[in-house]
Amino acid sequence: AFFLLLFSISCADAQERKFKNEHLSLPKLLDSLGLKAKDVSFLIEKKAYKLSVKVGSQVLKEYAVVFGPNPIDDKLRQGDGCTPEGIFKIRSKYPHRSWSKFVWIDYPNADSWKKHKQAKADGIIPQDAKIGGEIGIHGVPAGYDSAIEQKNNWTLGCISLTTGAIKEIYPYFNDNTLIEIRK
């Protein structure tokens with residue numbers, strides 16, 4: 001019955017709402033379905049400016065996000081303002097005094113290094129380019145939630161959500177959480 005309610009809400013609100021189940025609390029949604037943090041994965045779609053909370057292939061809820069100054073291209077080096085694409089895990093998570101919460105992903109991973117080295121070999125980036133790091137998912141500075149609504153790509157390549165959104169999803173990141181970032 002709850003699934004039908006979610007489906008009918010999503011259909012009814014499709015014309016009015018931009019993000020699936022944005023009006024429902026993620027903890028209550030997961031609790032009502034008997035799901036735990038270990039069941040959740042995250043999908044970030046750069047073109048759509050959204051982060052989806054998933055269980056298997058089912059999208060449960062979506063959130064608005066922004067990126068760095070180049071939200072389209074894949075990250076190949078430090079300072080390019082891009083967000084990396086691929087499958088990532090969590091390196092760490094912690095409260096952050098400027099952005100509320102910080103979820104540090106494992107960029108660069110083996111795939112990131114492969115793309116970085118290939119870009120050097122192809123002459124796309126300089127031979128002395130560094131790969132960079134410290135990419136994460138985080139909130140915004142206090143009072144800056146409007147940056148998300150206005151699609152203001154203000155980070156250096158991280159994924160940023162409103163303060164309320166990062167606080168809501170933060171408990172669902174753990175050592176086994178998968179995060180997929182797509183173009």
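Mentor: Let's start with a word we'll need: a residue is called buried when its relative accessible area is under 20%. Keep in mind, too, that this model is predicted.

Trainee: Okay, why is C82 called buried?

Mentor: Its relative accessible area is 3%. The cut-off is under 20%, so C82 counts as buried at 3%.

Trainee: And what makes C158 count as buried?

Mentor: The reasoning is alike: C158 has 9% relative accessibility, and with the limit at 20%, C158 is buried as well.

Trainee: How many disulfides does the structure hold?

Mentor: It holds 0 disulfides. C82, for one, is in none, and the nearest cysteine sulfur, the one in C158, lies 13 Å away.

Trainee: Why is there no bond from the sulfur of C158 to the closest cysteine sulfur?

Mentor: A disulfide needs two cysteine sulfur atoms within 2.5 Å. The sulfur of C158 is 13 Å from that of C82, so the pair is too far apart for a bond.

Trainee: On to helix α3. How do you know that its span agrees with its number of residues?

Mentor: Helix α3 covers residues 110-121, which is 12 residues, and at 1.5 Å a residue it should span 16 Å. The C-alpha atoms at its ends are 17 Å apart, which agrees.

Trainee: Which residues of α3 are buried?

Mentor: Those are S112, H116, A119 and K120.

Trainee: What makes you say they line one face of the helix?

Mentor: Look down the axis of α3: the buried residues fall within an arc of 100 degrees, so they sit along one face. The general idea is that an α-helix has 3.6 residues a turn, so residues three or four places apart point the same way. On the other side of α3, A110, K114, K117 and A121 are exposed.

Trainee: What do the buried residues of α3 pack against?

Mentor: They pack against strand β4, which takes us to the sheet.

Trainee: Which order do the strands of that sheet have?

Mentor: It is an open sheet of 5 strands, running β3-β2-β1-β9-β4, with mixed pairing. The twist averages 20 degrees from one strand to the next.

Trainee: Why are β3 and β4 called edge strands?

Mentor: β3 (58-64) and β4 (86-88) each pair on one side only.

Trainee: How do you know that β1 and β9 are paired?

Mentor: Pairing takes at least two bridges. Here 4 bridges join β1 (residues 41-45) to β9 (residues 179-182), and these strands run parallel, so they count as a pair. Within β9, I181 stands opposite I44, while R182 is the bridge partner of E45.

Trainee: What makes the pairing mixed, as in "mixed pairing"?

Mentor: Compare the directions: β1 and β9 run parallel, but β4 and β9 pair in the antiparallel sense over 3 bridges. G86 stands opposite I181 of β9. β1 and β2 (residues 50-55) also pair in the antiparallel sense, over 5 bridges, with S52 in β2 as the bridge partner of L43. These two strands form a hairpin with 4 residues between them, and Y49 in the turn has a positive phi of about 55 degrees.

Trainee: Why is β1 called mostly covered?

Mentor: 4 of its 5 residues are buried. β9 has two faces to tell apart: I179 and I181 are on the covered one, E180 and R182 on the uncovered one. In general, side chains of a regular strand alternate between the two faces of the sheet.

How values were computed: Residues numbered from 1 in each chain as written. Predicted model: local features only at pLDDT ≥ 70, side-chain atom pairs only at ≥ 80, totals over all residues. Heavy atoms only, no water. Axes fitted to C-alpha atoms, helices over the stretch in contact; angles between N-to-C directions. Buried < 20%, exposed > 50% of the residue type's maximum accessible area, 1.4 Å probe, protein only. Expected span 1.5 Å × (residues − 1). Arc of directions from axis to C-beta. Contact = heavy atoms within 4.5 Å.
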